[in-house]
Amino acid sequence: MEEPWDFEFFSRIADSCLSFLSEFVDDWLANDMRVCIFKILLSWLIVSLVAIHFAWKFYGNTVNDMYYRQGTGQNGGTPDTAPHLSGWESKAGDAPKTHRD
């Protein structure tokens with residue numbers, strides 16, 4: 001039988017998370033080039049996500065209406081078959097083709 005998870009496992013996870021966070025804070029407070037590049041990239045990511053969010057709030061319905069097909073048919077506005085074609089394009093005397101394994 002398996003023993004239930006004890007607090008030692010959870011304490012190891014908590015200790016590793018705490019050590020990672022303390023190292024991250026130490027690096028964050030340091031003024032080296034690595035941290036500056038990380039801060040720039042992180043701020044660029046956050047600004048981009050906020051801009052996408054507001055653009056979608058403003059233009060989302062317009063974009064959705066452009067790509068949503070309205071009407072009847074198999075895919076919205078497309079007809080079931082093309083009116084100038086009679087089923088499969090074939091010559092008058094050809095036998096219908098079937099799929100064979």
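Before I turn to the residues, let me fix one term: a residue is called buried under 20% relative accessible area, exposed over 50%, and partly exposed in between. By that cut-off tryptophan 28, with a relative accessible area of 31%, is partly exposed, and I would like to build much of this talk around that residue. Please keep in mind throughout that what we are looking at is a predicted model.

Let me begin with the rings. A search of the whole structure finds six aromatic pairs, and one of them is formed by phenylalanine 20 and phenylalanine 24, which are stacked, with 6.3 Å from centre to centre and 25 degrees between the planes. These two phenylalanines are four residues apart in helix α1, which runs over residues 7–29, so about one helical turn separates them. Their accessibility falls into two classes, since phenylalanine 20 counts as exposed at 52%, while phenylalanine 24, at 35%, counts as partly exposed.

Tryptophan 28 has a ring partner as well, namely phenylalanine 38: the ring centres are 6.0 Å apart and the planes stand at 85 degrees, so this pair is edge-to-face. Here the contact links distant parts of the chain, because tryptophan 28 belongs to helix α1 and phenylalanine 38 to helix α2, ten residues apart. Phenylalanine 38 is itself partly exposed, at 38% relative accessibility. Taken together, Phe20, Phe24, Trp28 and Phe38 are linked by ring pairs into a cluster. Helix α2 also holds lysine 39 within its residues 33–67, and the charged end of lysine 39 sits over the ring of tryptophan 28, at 4.8 Å from the ring centre.

That brings me to the shape of α2. How far does helix α2 span between its end C-alpha atoms? A straight helix of 35 residues would span 51 Å at 1.5 Å a residue, whereas α2 spans only 45 Å. There is a kink of about 60 degrees in this helix, and the kink is centred on tyrosine 59. Tyrosine 59 also appears in the UniProt record, an unreviewed entry, which lists residues 37–59 as "transmembrane region". In the model, that span is 100% helix and 0% strand, and its end C-alpha atoms lie 32 Å apart.

Finally, a word on the cysteines. How many disulfides does a search of the whole structure find? The answer is zero. As for accessibility, cysteine 17 is partly exposed, with a relative accessible area of 44%, and cysteine 36, at 35%, likewise counts as partly exposed.

Conventions. Residues are numbered from 1 along each chain as its sequence is written. This is a predicted model: local features need pLDDT of at least 70, side-chain atom pairs count only at pLDDT 80 or more; totals for chains, interfaces and linings use all residues. Side-chain values use heavy atoms; hydrogens and water are left out. The expected span of a helix is 1.5 Å times one less than its number of residues. The bend at a residue is the angle between axes fitted to the seven residues ending there and the seven starting there. UniProt positions are given in the numbering used here, feature names are shortened, and annotations may be inferred rather than shown by experiment. A disulfide is a pair of cysteine sulfur atoms within 2.5 Å. Buried means under 20% relative accessible area, exposed over 50%, partly exposed in between (1.4 Å probe, protein chains only). Rings of Phe, Tyr and Trp (its six-membered ring) pair if their centres lie within 6.5 Å; planes under 30 degrees apart count as stacked, over 60 as edge-to-face and the rest as tilted. A charge sits over a ring if NZ of Lys or CZ of Arg is within 6 Å of the ring centre and within 35 degrees of the ring normal.
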